[in-house]
Amino acid sequence: MKKEKNVFLTTLSETKNKLDVNYYMCESPTGASICTTGISIAEAGIKYMLSQYDIDEIVMIGTSNVVPAMEERVISLSDLAASGNGSIDTSDEFMFVTYRIMEFIDQLDFEIIDIGESVPENRQVELGALIEDFKSGNARGLSNLEFFSKLTSDEAFENRFVEDLLNNLSPEEKRWVKHQVYHQMDSFYKMHINNREKPVVIRFVSIPSESTLSIDTINLIVRRTFDDAQSDINLYMDVQGMGLVDGNTLISTFLLMNNRTNYSCNVCGLINSSLPYGKFFGKVSNMIKHYEIQKLITGIDLFLNYGKVSMLKSLENFFKADAADADRLFYGMDCVDEGITLCNVDLIECGINIIRNTIRNPRTRAEDRSIYMQITLNAIISDFGQLLQGDELSIPELLKWSLRKDFFQQTLTIIESKVPTDMVRRGIYYYARSEEDIRTLMKEFNYLYWNESSKMRWAFGDIEYYFIKSYGRSFLDFRQKPDAVARDFARLKIDALHGRTDNILPAYSELGNDDMLFELLLGYYRIGNLRNQINHAEVDEPNLDADELVKRKDSRDELRVELKKFINLYSSACKKTPVTDKPVFLPSGRMKAYARRHQLQPLVEGSDLTVKNTYTCSFNGKEVHITLSLFKPEPDIDVEE
């Protein structure tokens, strides 16, 4: 099992005044308020993280302005002492922050000594009285914590405090007043090291001086962090000084590197330490909630656009209150995800049905749903649209949805495997109106079944598919181009509607528009040809030239046009075909049972073969024509069950 390391990443900038202490109000992961001091913004963020999490390593990034000569530094805090390690005036920023952190770990408050020495005791008494006078006039009834919190969160209140109390004081007296307000709070509300015994390493990573982080610099930071950690990383980050774009880019790069290294990265904590210009109090904001909301939106987007559900499922804490519906919803989304990956239309269909049923029959009332569940459901309902309507999944709507996502292979598979059955069951083109038609069809299909090679008899497992896709195909002239063959096949099917052919049994249609039906069948057969070309395309990547790339793009564009044309035509045909109960269906099981009882005569040497048949198959992307002599049928086959 790989090791895990908790890494905190922050930025280190130049401190203007190493004696100017600032005070920060922070929010813990539980929502409680806690406070700390910090001469630099980075210091406040580090103290916050050490008080809340077991951090193994602190990675500071900075330029040569912070650490001269672009030096790389690595220090274990267990090797240092908090005092007696040189002058703060001569130490660089890295060492200065390091010793400030050691003071925090050892719970030493040198500030009260330094600030106290700069203000006489009698003046301290007077300043204390001024603070109490301000409280009695402006903050009556507030506890010390509430008073401090109001100063950091209420701008008008802070401005009044500055104007009434601080503006008339010297810099030393201002520092004393601020520290006194902080010092009066109970120690319980101040930060303390979370795990004093855990060794912590501080590392400095030098980067070029730049106003925004370049891609090269971001890659350097990520690579160095992974290489130095040599373990799976739980990443915590302070985005202070980075800006929104830099921070998000850095986070995204860490996540992308999961697939490029032997180690993984999980973003566990995100804060933003800030001290607005001219303010005496700063904040450390817990940004992980905002980040996870963004992650939620990204996860929804990944599912809606690409069918990927893993990121949404990683946010299980968001959906704890909605477990009854969330479990079913994610199961359906998993089916869609796996179905798209495996190009398994049945799985996609199953997943969408589960999602539809979850939305239409919720176990939790809408008013009791969490905001996260509501956002997810609203996005799915908006994107899936008509797919979620009705009691059964609409194949035309499924095709529109699949093509809109650019799932070309899945769209082709839906057309190939689902449209024939859907056409027959809708009455667009079907084979039987009565039991007499069924008995005649069984006799015909039985003859074809036993004269088919054993490897190809699987086609009779779906009677509707076989009827649209293959029945009558053996009578075509395959010496023509594929498009001409498709046209002849579509014409043959139309002729069967009107008894104009003796080769195949009569067919029926409730569409009432032969031209539309011809175009629909022709589109289906053309797409079958295109699908064969795509599935059997030869690939010779090293020798690709510009002409070949253009040719491939043209093929994709042609495929998109054909798919869009067919889907629109099929959708129109479905709308124009009235709902009818005329089609009578032949179950595949009934056909197989009949075939077992009515086998054809075996071939006898020297017997007269009265029937020959030709059929085609695909081999390496090319049509191959095979002529077979067929068995004689049994005399007087009984077509009754």
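Contact here means heavy atoms within 4.5 Å. With that in hand, here are some close-up views of a predicted model.

**Figure 1. Trp401 and its partners in contact.** Once neighbours within four places in sequence are set aside, Trp401 touches a set of residues from elsewhere in the chain: Val336, Ile340, Ile348, Ile352, Asp383, Phe384, Leu387 and Phe407 are in contact with Trp401. Trp401 is also listed with Met423 and Tyr570 as the residues with the most contacts inside the largest nonpolar core, which has 99 residues. Helix 20 (residues 514–535) is the element that gives the most to this core, with 10 residues. A second core, separate from that one, has 32 residues, among them Cys26, Ala42, Leu50 and Ile75. In soluble globular proteins, nonpolar side chains tend to be buried together.

**Figure 2. Helix 15, the helix around Trp401.** Helix 15 covers residues 395–404, and seven of its 10 residues are buried, so the rest of the structure largely encloses it. The buried residues of helix 15 are Ile395, Pro396, Leu398, Leu399, Trp401, Ser402 and Leu403. Look just beyond the helix for Asp406, which follows helix 15 and has a positive phi, near 65°.

**Figure 3. Helix 12 beside helix 13.** Helix 12 (residues 323–342) packs against helix 13 at an angle of about 160°, and their axes are 7 Å apart. That angle is over 145 degrees, so helix 12 counts as roughly antiparallel to helix 13. The crossing of helix 12 past helix 13 is left-handed. On the helix 12 side, the residues that meet helix 13 are Asp325, Arg328, Leu329, Tyr331, Gly332, Met333, Cys335, Val336, Glu338, Gly339 and Ile340. Their counterparts in helix 13 are Leu347, Ile348, Gly351, Ile352, Ile354, Ile355, Asn357 and Thr358. By class, the contact of helix 12 with helix 13 comprises 11 nonpolar, five polar and three charged residues. Val336 and Ile340 of helix 12, together with Ile348 and Ile352 of helix 13, take part in this meeting of helices, and these four residues are also among the partners of Trp401.

**Figure 4. Thr364 in a loop.** Follow the chain on from helix 13 (345–360) towards helix 14 (371–384), and Thr364 is found in the loop between them. Its relative accessibility is 15%, so Thr364 counts as buried. Apart from neighbours within four places in sequence, Thr364 is in contact with Ala324, Asp325 and Arg369. Asp325 appears in the previous view too, as one of the helix 12 residues that meet helix 13.

**Figure 5. Helix 5 against helix 6.** The axes of helix 5 (residues 144–153) and helix 6 are 6 Å apart, and the two helices pack at about 105°. This makes helix 5 roughly perpendicular to helix 6. Phe147, Lys150, Leu151 and Ser153 from helix 5 meet Glu155, Phe157, Glu158 and Phe161 from helix 6. Sorted by class, the contact of helix 5 with helix 6 holds four nonpolar, one polar and three charged residues.

**Figure 6. Phe157 of helix 6.** Zooming in on one residue of the previous view, we find Phe157 in helix 6. Phe157 counts as buried because its relative accessibility is 1%. Leaving out neighbours within four places in sequence, its contacts are Phe134, Asn138, Ala139, Phe147, Lys150 and Leu151. Asn138 lies 19 residues from Phe157 along the chain, and the C-alpha atoms of the two are separated by 8.4 Å.

**Figure 7. Helix 6 crossing helix 7.** Helix 6 (residues 155–166) and helix 7 (residues 171–183) have axes that come within 12 Å and cross at roughly 130°. Helix 6 is therefore oblique to helix 7. Here the crossing is right-handed. Helix 6 contributes Phe161, Leu165 and Leu166 to the contact, while helix 7 contributes Lys174, Val177 and Val181. The residues of this contact fall into five nonpolar, no polar and one charged. Phe161 of helix 6 also meets helix 5.

**Figure 8. Helix 22 and its cover.** Ser588, Met591, Ala593, Tyr594 and Ala595 are buried in helix 22 (residues 588–597). Helix 17 (435–450) and helix 18 (463–469) are included in what covers these buried residues.

Conventions: Residues numbered from 1 in each chain as written. Predicted model: local features only at pLDDT ≥ 70, side-chain atom pairs only at ≥ 80, totals over all residues. Heavy atoms only, no water. Buried < 20%, exposed > 50% of the residue type's maximum accessible area, 1.4 Å probe, protein only. Helix = DSSP H or I, 4+ residues; strand = E, 2+ residues; numbered from the N terminus. Core = buried A, V, L, I, M, F, W, Y, C linked by side-chain atoms within 4.5 Å. Axes fitted to C-alpha atoms, helices over the stretch in contact; angles between N-to-C directions. Parallel < 35°, antiparallel > 145°, perpendicular 65-115°, else oblique. Left-handed = near helix turned anticlockwise from the far one by under 90°. Nonpolar A, V, L, I, M, F, W, Y, C, P; charged D, E, K, R; others polar.
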